[in-house]
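The questions below ask how the terms used for a structure follow from its computed values. Each answer sets a value beside the cut-off that it has to meet.

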Amino acid sequence: MSSRITWFNEELIIYIFRSTGWIGFLYFVGLIFALPLEMLTIILNENNEYVEFENLFSSQQMIQYVLVIVIPVLFAIFLFRFLQMKQASDFIHSLPITRRNIFFHMIGTGMGFIVLPILLTGSILILFHSAIDIERLYTIPDIWSWMGITFILEALIFSVAVLIGMVTGLSALQGLLTYIFLALPVGLFVLFAANVKFLIAGFSADY
């Protein structure tokens with residue numbers, strides 16, 4: 001019986017969930033600690049009238065920044081790690097699915113694992129906002145802004161990490177080279193601005 005090429009492969013989805021599902025779970029738990037639980041603690045605190053946020057990124061900002069920077073790179077590394085593992089590579093390439101669709105499966109599930117915890121966390125914040133009067137802490141537009149900016153940043157980092165992984169083919173260097181690639185434009189701009197102030201009168205490098 002000849003094998004049939006399909007666009008959607010259930011076995012591949014199951015493999016992806018087993019290999020990277022734990023990262024999505026950790027990401028969701030981290031967001032819960034950084035935002036909903038922090039808001040709940042403030043609401044239950046008797047002195048909460050003195051607490052204010054500039055935006056939702058101000059709530060446990062170190063945890064949020066670490067999650068935004070680390071989680072997309074971990075997804076990119078573990079999603080495509082099968083390329084360096086003979087047994088996993090033989091299994092995936094033996095499935096009735098083209099290599100292009102394998103790539104799309106990896107990218108699609110990676111984006112799904114990124115956006116789903118953001119949507120769930122945003123839904124919890126909206127539920128808090130609708131059930132409790134916490135308008136001074138955050139508003140509905142603040143939630144949508146947080147969700148949009150977080151997803152855009154993580155999608156960018158994830159895309160760059162995947163690109164680096166496809167070029168290098170080495171999981172060990174993928175994370176390091178991703179951060180170098182992302183930090184390089186910032187470093188060059190800072191270096192450029194620091195030197196331009198000596199050539200242009202009135203140029204403010206700090207600004």
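Q: At which residue does α3 bend, and by about how many degrees?
A: In this predicted model, α3 bends at Leu67, and the angle there is about 25 degrees. That angle is taken between axes fitted to the seven residues ending at Leu67 and the seven starting there.

Q: How do you know what span is expected of α3, and what does α3 reach?
A: The expected span is 1.5 Å times one less than the number of residues, and for the 19 residues of α3 this comes to 27 Å. From its first C-alpha to its last, α3 reaches 27 Å, close to that expectation.

Q: Where is the kink in α1 centred, and what span should its 25 residues have?
A: The kink, of about 55 degrees, is centred on Thr20. At 1.5 Å a residue α1 should span 36 Å, and because its end C-alpha atoms are 34 Å apart, the two values agree.

Q: What makes a set of residues a nonpolar core, and which members of the largest one touch the most other members?
A: Such a core consists of buried residues of the nonpolar kinds joined through side-chain atoms within 4.5 Å. The largest one here has 42 residues, of which Leu12, Leu56, Phe75, Met106, Tyr138 and Trp146 touch the most other members. Two or more residues each come from α1, α2, α3, α4, α5 and α6, and the largest share, eight residues, comes from α3. In soluble globular proteins, nonpolar side chains tend to be buried together.

Q: Which residues is Leu56 in contact with, leaving aside its neighbours within four places in sequence?
A: Contact requires heavy atoms within 4.5 Å, and on that basis Leu56 is in contact with Leu35, Met39, Gln64, Leu125, Tyr138, Asp142, Ile143 and Trp146.

Q: Which residues of α3 are buried, and what covers them?
A: The buried residues of α3 are Gln64, Leu67, Val68, Ile71, Pro72, Val73, Phe75, Ala76, Ile77 and Leu79. Their cover includes α1, α5, α6 and α7.

Q: Why is Leu137 called buried?
A: Its relative accessibility is 3%, and buried means under 20%, so Leu137 counts as buried. Leu137 lies in the loop between α5 and α6, and its C-alpha is 8.1 Å from that of Asn55, although the two are 82 residues apart in sequence.

Q: Why is Gln60 called partly exposed, and what sign does its phi have?
A: The relative accessible area of Gln60 is 33%, and partly exposed covers values between 20% and 50%, so Gln60 is partly exposed. Gln60, in the loop between α2 and α3, has a positive phi of about 50 degrees although it is not a glycine. Most residues other than glycine have a negative phi.

Q: What makes a space a cavity rather than a pocket, and how many cavities of 30 Å³ or more does the structure hold?
A: In a cavity a 1.4 Å probe fits but cannot get out, whereas a pocket is open. The structure holds two cavities of 30 Å³ or more, and the largest has a volume of about 50 Å³. Its lining includes Phe80, Met166 and Gly169, and α6 and α7 each supply at least two lining residues. The largest pocket has a volume of about 200 Å³, and among the residues that line this pocket are Phe57, Tyr65, Leu153 and Tyr179.

Key
Residues numbered from 1 in each chain as written. Predicted model: local features only at pLDDT ≥ 70, side-chain atom pairs only at ≥ 80, totals over all residues. Heavy atoms only, no water. Buried < 20%, exposed > 50% of the residue type's maximum accessible area, 1.4 Å probe, protein only. Helix = DSSP H or I, 4+ residues; strand = E, 2+ residues; numbered from the N terminus. 1 Å grid on protein atoms, 1.4 Å probe; cavity = no way out; pocket = protein on both sides within 12 Å on 5 of 7 lines; lining within 4 Å. Points joined across faces, edges and corners; volume = space filled by probe spheres on them.
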